[in-house]
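Please study the sequence and the predicted model shown below before reading further. The paragraphs that follow lead through the structure step by step.

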Amino acid sequence: LMSVFPIAKGEHLRMIRSVGVIGAGLMGRGIAQVCASAGFETVLTDVSQEALDRGYKYVCGSIERLAKRGLTNADEAERVLSRLTVTTERAALAKCDLVIEAATENESVKVDIIREVSALLAPKAVFATNTSSISVTAIANGLAQPGRLVGMHFFNPVPLMKLVEVISGLRTEPQVAAAVFALA
């Protein structure tokens with residue numbers, strides 16, 4: 001599965017084939033599961049190997065529960081897990097077309113992460129922040145490409161709630177918001 005969308009006026013269509021998720025906590029692990037389940041190659045990162053191990057174990061258990069309820073099968077569960085990579089190396093995000101930050105709901109933490117990771121990404125990669133209460137505009141301030149940042153507020157539990165709020169900041173490029181909205 002992939003999503004095709006225009007990046008900017010006059011540019012060719014860009015395909016999103018891979019998604020990175022920063023943060024293996026409650027929201028991040030759910031977002032990673034949903035992305036891998038949707039067919040995207042997914043990289044889940046965290047600063048802690050312990051958090052990654054817990055996140056991966058949760059995803060495995062969640063998929064197993066879905067299979068037991070008949071909502072997926074063993075073959076699909078295996079395909080989902082094969083699309084999910086977990087690592088403490090943020091450099092693994094460099095090739096992702098979309099990166100979703102899912103760190104704690106603290107503005108300075110989110111800003112620091114996004115500034116650090118945005119330097120690793122391709123110039124046309126889209127960056128999203130999973131926030132419910134912090135201004136996307138405030139988080140985007142100081143980024144080299146603030147127009148590439150959009151908010152994606154997932155609802156908990158992510159694998160069961162088929163609802164994502166897409167939030168534009170004042171400098172979010174309309175094409176970026178439209179592309180993320182099309183994915184959601």
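In this predicted model, a convenient place to begin is Pro157, which sits in the loop between β8 and β9. The peptide bond that joins Asn156 and Pro157 is cis, with omega at about 0°. As background, most peptide bonds are trans. A second loop residue can be set beside this proline: Ala102 belongs to the loop between β6 and α4 (107-118). Along the chain, Ala102 and Pro157 are 55 residues apart, and 14 Å separates their C-alpha atoms. Is Ala102 buried or exposed? Ala102 counts as buried because its relative accessibility is 11%, and the cut-off for a buried residue is under 20%.

These loops belong to a chain that contains six helices and nine strands. Along the principal axes, the C-alpha atoms of the chain fill a box of roughly 45 × 35 × 25 Å. A compact globule of 184 residues would have a radius of gyration near 16 Å, and the chain has 16 Å, so the two agree. Of the 184 residues in the chain, 46% are buried.

The next topic is the sheet. Seven strands form an open sheet with mixed pairing, and their order is β5-β4-β3-β6-β7-β8-β9. At the edges stand β5 (84-87) and β9 (164-168), each of which pairs on one side only. On average, and with direction ignored, neighbouring strands of this sheet are turned by 25° against each other.

Individual pairs of strands show what mixed pairing involves. Strand β3 (residues 18-22) and strand β4 (residues 41-45) run parallel and are joined by five bridges. Within this pair, Gly20 has Val43 of β4 as its bridge partner. Further along the order, strand β7 (residues 126-129) pairs with β8 in the parallel sense over three bridges. There, Phe127 stands opposite Leu149 in β8. By contrast, β8 and β9 run antiparallel, and five bridges join them. Here the bridge partner of Phe154 is Val164 in β9.

Strand β8 deserves a closer look. How many of the six residues of β8 are buried? The strand is mostly covered, with six of its six residues buried. In a regular strand the side chains alternate between the two faces of the sheet. In β8, Leu149, Gly151 and His153 lie on one side, while Val150, Met152 and Phe154 lie on the other, and both faces are covered.

Two further residues illustrate how burial is judged. Val166 lies in strand β9. Val166 is partly exposed because its relative accessible area is 23%, which falls between the limits of 20% and 50%. Between the C-alpha atoms of Val166 and Gly147, which are 19 residues apart along the chain, the separation is 14 Å. Val180, in contrast, is found in helix α6. With a relative accessible area of 1%, Val180 is buried. Val180 and Glu165 are 15 residues apart in sequence, and their C-alpha atoms are 10.0 Å apart in space.

The last topic is the pockets. The largest pocket holds about 760 Å³ of space. Its lining consists of 29 residues, and those nearest its centre are Val34, Cys35, Ser37, Ala38 and Pro159. Which elements each supply at least two residues of this lining? They are the helices α1 (26-37), α2 (49-68), α3 (74-82) and α6 (174-183), together with the strands β6 (98-101) and β8 (149-154). The largest share, four residues, comes from α1. Sorted by class, the lining of the largest pocket has 24 nonpolar, three polar and two charged residues.

The second largest pocket holds about 200 Å³ of space. It is lined by 14 residues, and the closest to its centre are Ser118, Ala119, Ala144, Gln145 and Arg148. The lining of the second largest pocket divides into nine nonpolar, three polar and two charged residues.

The parts can now be viewed together. Strand β8 pairs with β7 in the parallel sense and with β9 in the antiparallel sense. The same strand, β8, also supplies at least two residues to the lining of the largest pocket.

Definitions and conventions:
Residues numbered from 1 in each chain as written. Predicted model: local features only at pLDDT ≥ 70, side-chain atom pairs only at ≥ 80, totals over all residues. Heavy atoms only, no water. Pairing = 2+ DSSP bridges. Axes fitted to C-alpha atoms, helices over the stretch in contact; angles between N-to-C directions. 1 Å grid on protein atoms, 1.4 Å probe; cavity = no way out; pocket = protein on both sides within 12 Å on 5 of 7 lines; lining within 4 Å. Points joined across faces, edges and corners; volume = space filled by probe spheres on them. Nonpolar A, V, L, I, M, F, W, Y, C, P; charged D, E, K, R; others polar. Buried < 20%, exposed > 50% of the residue type's maximum accessible area, 1.4 Å probe, protein only. Rg over C-alpha atoms; globule rule 2.2 N^0.38 Å.
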